[in-house]
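Visitor: Could you walk me through this structure, one question at a time?
Guide: Gladly; here it is.

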Amino acid sequence: MSTLLEVSGVSVSFDGFKAINNLSFQIADAELRAVIGPNGAGKTTFMDIVTGKTRPDEGRVIWGERSVSLLRMNEAQIAREGIGRKFQKPTVFENQTVRENFLMALKKDRGVLSVLLFRPSKADHEQVDALAEQVGMLAELDRLAGELSHGQKQWLEIGMLLAQEPRLLLVDEPAAGMTPEEREHTSELLVQAAKTRAVVVVEHDMEFVRRLGCKVTVLHEGAVLAEGSLDHVTSNSDVIDVYLGR
Amino acid sequence: MRTSFIAKKPSVLVFLLALAAFTIAVTILSEGFGIGVISTSFIKTLGKTLCLCLIAVAMDLVWGFTGILSLGHFAFFGLGGYMIGMWLMYERTRLIVSEALMQGQIPPTDAEVIEGIGNQIFGVVGSSEFPIVWAFADSLGLQLLLVVLVPGILALIFGWLAFRSRVTGVYLSILTQAMTLALALYLFQNDSGLRGNNGLSGLQNLPGVETPQSIVSMWFFLASALALALGYTLAAWIVSGKFGSVIRGIRDNETRVRFLGYSVEGFKLAVFTFTACIAAIAGALYYPQAGIINPAEVVPIASIYLAVWVAIGGRGRLYGAVIGAGFVSLISTWFTGGQAPDINLGFYTIKWVDWWLVLLGLSFVAVTLFAPKGIGGLFDRLKKEGGA
């Protein structure tokens, strides 16, 4: 497996507080990875850096076979390179229908003129139907996204990310606020998605991480503390110290 | 799948039919083409109102759909008026000056004619030299092109600078207002080249056209109706597809749209510039009906009124903007024109000329508080009751 994303020696500080401290991280094609860590460990900042929202003070972020640096791109360019991001709070376009949300996310030319002239073809509608079925929302296609339940919004957002056909999916606390059944559905979706692309899941909930059954990276104070299987990292004494307090 | 978008959007068809019915009714009642119930001056008021409806459609696109509260669109409207006004004034003065000089013994040279025109136009600001901005004023074609180009390029440069710095929300509004104020202050100066606070006048007289105003007013009325129909249909088409989805997405959650891979700045710039051009075309149709344009038309308060009309009509729906602009500007004419009866309370007489603005302000507050969807929102309620 080749490396898809390589983050090396990245540091960033806000007003003197080092949110990320010499962090290095790699992920390969078609890999599922969970990132855990206590509050303030730098999980969200890590995602901000990869997606171009925050510029690091130092370090490198290298992407894909062509080994391009993501640091010179803006958010939209990075998204077009194939990095999709799901925010902690479900963010869908509430004033638009589920179908419109999906159509906007479909992988198409994003230029102003081609968007203006775009009219969905039969194939596009079929693709939307397939995505809606995958995330279990076929019946909701013509409802306003704002009317959906919290869990449904999360799935819609995951579906929109899949519609973008990203090569790397960054998912921030997908299970927050979900019922146990919804969690199960969500973990299945993520495992399924990771078969064809890289998926990074940031999560607090250990039970959810266990269900993902993947390699785990533990962040602490902006750096990697431990890496390996869930059982391996939870038996690591440093990790136990960090989680239970010294 | 390829049904025309008008079939999918019945409101567009309803609007076009209503506009056509209104236009035909006014034509039949007009002095110029019909039975003469509506006076020429009221035809001009109606024609001007249609132009205001057109700029309201532009404002709704940029504010109601894309979420950019621009307080600069009336500046683009005014610039469009200035551009067409320059040709109208130049050409008409040239005809008058040439005719006067022809009375002399020897035919005038070109230089004498130019000097004569310069004296006539710029005498009020103590000059007779043609400023550089009048370079194309002798050509109708070029000046018509400038109607769109000058405001369009101004909007493009301003928008590019503002959007790429990610200025949003109220800060952007303040910035657009500053641009408008700067433009108005510049135009007020005598050496601006556009006759300072005198502005351009006599615009209702088309050069070389002897047709009476009752007919000319109808030409402009019909042209304004056509422009509104085209502008409305184009705007409705733009917002009907994915482009509409994206700009409404930008209004509701700009960051999310960015992470979907869309260049938010590019979309904002496209909408801002396009609507500036629509506003300019509306202005170029408006001022020949008004007869005069001066810098007082461009001051920021005009753009604020525009936002008030769109808010009262209901933003985010194009017919709402048209209803708001038409309704509010017409009753504003009625109240401020002295036609509204004063109310005598015994101890105090409410003169509507003075109190109209208070009424307008109060209704704006009332709409914001109690009917955030504006007058257009009432149609939703009717639809719901009809369906239930």
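Guide: First, a definition: the radius of gyration is taken over C-alpha atoms, and the globule rule is 2.2 Å times the number of residues to the power 0.38. This is a predicted model, in which local features need pLDDT of at least 70, side-chain atom pairs count only at pLDDT 80 or more, and totals for chains, interfaces and linings use all residues. Residues are numbered from 1 along each chain as its sequence is written, while chains are lettered from A and ligands numbered from 1 in the order in which they are written.

Visitor: What radius of gyration does chain B have?
Guide: Chain B has 388 residues, and a compact globule with that number would have a radius of gyration near 21 Å. The C-alpha trace of chain B spans about 85 × 55 × 55 Å along its principal axes. The value for chain B agrees with the rule: 23 Å.

Visitor: And what is the radius of gyration of chain A?
Guide: Chain A holds ten helices and ten strands (DSSP runs numbered from the N terminus: H or I of at least four residues for helices, E of at least two for strands). For its 246 residues the globule rule gives 18 Å, and chain A is close to that, so it is as compact as a globular protein of that length. Its C-alpha trace spans about 55 × 40 × 35 Å along the principal axes. The radius of gyration of chain A is 18 Å.

Visitor: What percentage of the residues of chain B count as buried?
Guide: A residue is buried if 20 or more other C-beta atoms, placed from the backbone, lie within 10 Å of its own; it is exposed if 12 or fewer do, and partly exposed in between. By that count, 43% of the 246 residues of chain A are buried. For the 388 residues of chain B, the figure is 44%.

Visitor: How many helices are there in chain B?
Guide: Two residues are in contact if their C-beta atoms, placed from the backbone, lie within 7 Å. Among contacts in chain B between residues at least 6 apart in sequence, 75% join residues at least 24 apart. Chain B has four strands, and its helices number 15.

Visitor: Which strands are at the edges of the six-stranded sheet in chain A?
Guide: Strands pair if DSSP finds at least two bridges between them. Six strands of chain A form an open sheet with mixed pairing, in the order S6-S7-S8-S3-S9-S10. From one strand to the next, the twist averages 20 degrees (angles run from 0 to 180 degrees between N-to-C directions, with axes as lines fitted to C-alpha atoms, for helices over the stretch in contact). Pairing on one side only, the edge strands are S6 (83-86) and S10 (223-228) of chain A.

Visitor: How many residues of S7(A) are buried?
Guide: S7 (residues 168-172) of chain A pairs with S8 (residues 198-202) of chain A in the parallel sense over five bridges, with A:Leu170 and A:Val200 as one pair of bridge partners. S6(A) also runs parallel to S7(A), joined by four bridges, and A:Gly84 has A:Leu169 as its partner. S7(A) is mostly covered, and its buried residues number four of five.

Visitor: Which helix lies across S7 of chain A?
Guide: The helix in question also lies across S3 (32-36), S6, S8 and S9 (215-220) of chain A. It runs at about 145 degrees to S7(A), and it is H1 (residues 43-50) of chain A.

Visitor: Which strands stand at the edges of the four-stranded sheet of chain A?
Guide: This open sheet is antiparallel, in the order S2-S1-S4-S5. S1 (residues 3-14) of chain A pairs with S2(A) over eight bridges, and A:Thr3 stands opposite A:Ala28. Two strands each have a single partner, so one side of each is left without a neighbour in the sheet: S2 (17-28) and S5 (68-69) of chain A.

Visitor: Which helix of chain B supplies the largest share of the side that touches chain A?
Guide: The contact takes 23 residues from chain A and 21 residues from chain B. On the side of chain B, H9 (242-252), H10 (254-259) and H11 (264-290) each supply at least two residues. The largest share, seven residues, comes from H9(B).

Visitor: Are H13(B) and H14(B) roughly parallel or antiparallel to each other?
Guide: The axes of H13 (residues 318-336) and H14 (residues 352-370) of chain B come within 8 Å and cross at roughly 150 degrees. Angles under 35 degrees count as roughly parallel, over 145 as roughly antiparallel, 65 to 115 as roughly perpendicular and the rest as oblique. B:Ser332, B:Phe335 and B:Thr336 in H13(B) meet B:Trp352, B:Val353 and B:Trp356 in H14(B). The two helices are therefore roughly antiparallel.
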